[in-house]
Every structure is written in structure tokens, then in C-alpha cells.
Amino acid sequence: MALSWFPAPFGHAQEASANGGTEFQLGLPQSGILTIQPDRLFSESAFGQRVEREIEAEGAVLTAENRRIEAELRQEELELTKRRSGMEPEAFRALADSFDEKVQETRRRQDQKLREISQMGEDARREFITASLPVLQQIMRETGAGAILDHSSVFLSADAADITSLAIARIDAVLGDGAADGAGEH
């Protein structure tokens, strides 16, 4: 089992082929166990970079909207404060309570929008992993690997066992940026 952490010795590919196994390609790690850096796989792929740009754009829109709403509420609060001195306490309390409820409802709506943006990122990551599986499975077949482990959970491995860069290149070739309109970069 200890040998599975290192590339297979020369001639292993020919043995596998002669024994009916997968023929291995030169330049690929020949290991029973490969590692991958999932966060890097997503963030450095064209797909992940597109998603990041979209999430940043949505976040910027939400931030601008929040600032606009905040300014409107601040103005409304100032007007309410100015009116206070000429109002009966009960009438002012009713307006103040109504204003507070409006602020709370606005905060709930804006928080929901932020959660939706976060959910977009999580959904895109799941979509990416699902779409990437055939590419990762092909790399496993080509290398003779039985598993791909998260690099962060591996105590020690040969650098050659990390297929993150290879996977990014191949996934980009297959998925591009994953844009639904077909205008994705390939």
C-alpha cells in the first residue's frame, strides 16, 4: 500500500495493458490514490471564475441597493424626529413603531437577497462538481487510480499525486466557463 503514494515503476503501464487493464499515458501520475485541491479546482477554473464574477456583480448591486435604502431610511428617520415635537406621544409612538417595522422588514428582505446570492455560489459549485465528474473519472482511468482524495485530508503524498492543475486544464477544455447561453469561453 505504501507504494501507491508514489508513481508506479517503469513498465507498470505495459503490464496493465498486457493484463487487460487501462493503458496509462506518459506524463500522468501512476498512483492508486490521487489528490485534488477542491477549492483551487473551482476557483481557478474558467467556470469558477465566471461564477465569482457573477456573484461579485450581484453583491455590488445589493450593496448599492442597501446604501440607497439606508439613505432613504435615514432621511425618513430625520423627518420623523423633526415631527416629534409637534405630535402627541401616542401618535408619534405609532409612527415610530411603523417605521421600526419597516426597517426590520427591509432588513429581512435584504438579508434574504444576500442568502440567495450565497446560495447561487453553492449551487454553482455543486453543478461544477457534477459536470466535472466525467473528467475526473477519466483521469482516474488514465492513471490507474482507485480514489481521488481531498489534498487537505492527506497527511503525506508525492506532489505528483496532486492532479489539480491537470484537472483544471481538462475541465476548462470540456466545460469552458459553463455559461448557460453557450457563449462560454472554451
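How many helices and how many strands make up the secondary structure of this protein? There are five helices and two strands, where helices (H or I, at least four residues) and strands (E, at least two) are DSSP runs numbered from the N terminus, and read along the sequence they follow the pattern α-β-α-α-α-β-α. Before going on, I should say that this is a predicted model, in which local features need pLDDT of at least 70 and side-chain atom pairs count only at pLDDT 80 or more, while totals for chains, interfaces and linings use all residues. Residues are numbered from 1 along each chain as its sequence is written, and side-chain values use heavy atoms, with hydrogens and water left out.

Let me turn to the interior. Of the 186 residues, 30% count as buried, meaning under 20% relative accessible area, with exposed being over 50% and partly exposed in between, for a 1.4 Å probe and protein chains only. The largest nonpolar core has 17 residues, of which I36, L41, F47, F128, I139, A167 and I171 touch the most other members; such a core is a set of buried Ala, Val, Leu, Ile, Met, Phe, Trp, Tyr and Cys residues joined through side-chain atoms within 4.5 Å. At least two residues of this core come from each of β1 (33–36), α2 (38–43), α3 (46–84), α4 (89–143) and α5 (164–175), and α4 gives the most, with five. A second, separate core of seven residues includes L73, L80, F92 and F99. Within the larger picture, A167 is in contact (heavy atoms within 4.5 Å) with I36, L41, L136 and I139, once its neighbours within four places in sequence are left aside.

Now the strands. β1 and β2 run parallel and are joined by four bridges, where two strands pair if DSSP finds at least two bridges between them, and I33 has A147 as its bridge partner in β2. In a regular strand the side chains alternate between the two faces of the sheet. Both faces of β1 are covered, since I33 and T35 on one side and L34 and I36 on the other are all buried.

A residue I would like you to find in the structure is D162, in the loop between β2 (147–150) and α5. D162 is buried yet has no salt bridge, and R40, the nearest side chain of opposite charge, is 4.6 Å away; here Lys and Arg count as positive and Asp and Glu as negative, with His and the chain ends not counted, and a salt bridge needs a side-chain nitrogen of Lys or Arg within 4 Å of a carboxyl oxygen of Asp or Glu. Not counting residues up to four places away in sequence, D162 touches T35, I36, Q37 and H151.

Where, then, are salt bridges formed? The structure holds 12 of them, and one joins R74 to E70, with the closest N and O atoms 2.5 Å apart. These two residues are separated by about one helical turn, because they stand four residues apart in helix α3. R126 likewise forms a salt bridge with D123, again with closest N and O atoms 2.5 Å apart, and this pair is three residues apart in helix α4, so about one helical turn separates them. R126 is partly exposed at 48% relative accessible area, and D123 is partly exposed at 36%. Finally, E101, E105 and R108 are linked in a network of salt bridges, in which the closest N and O atoms of E101 and R108 are 3.0 Å apart.
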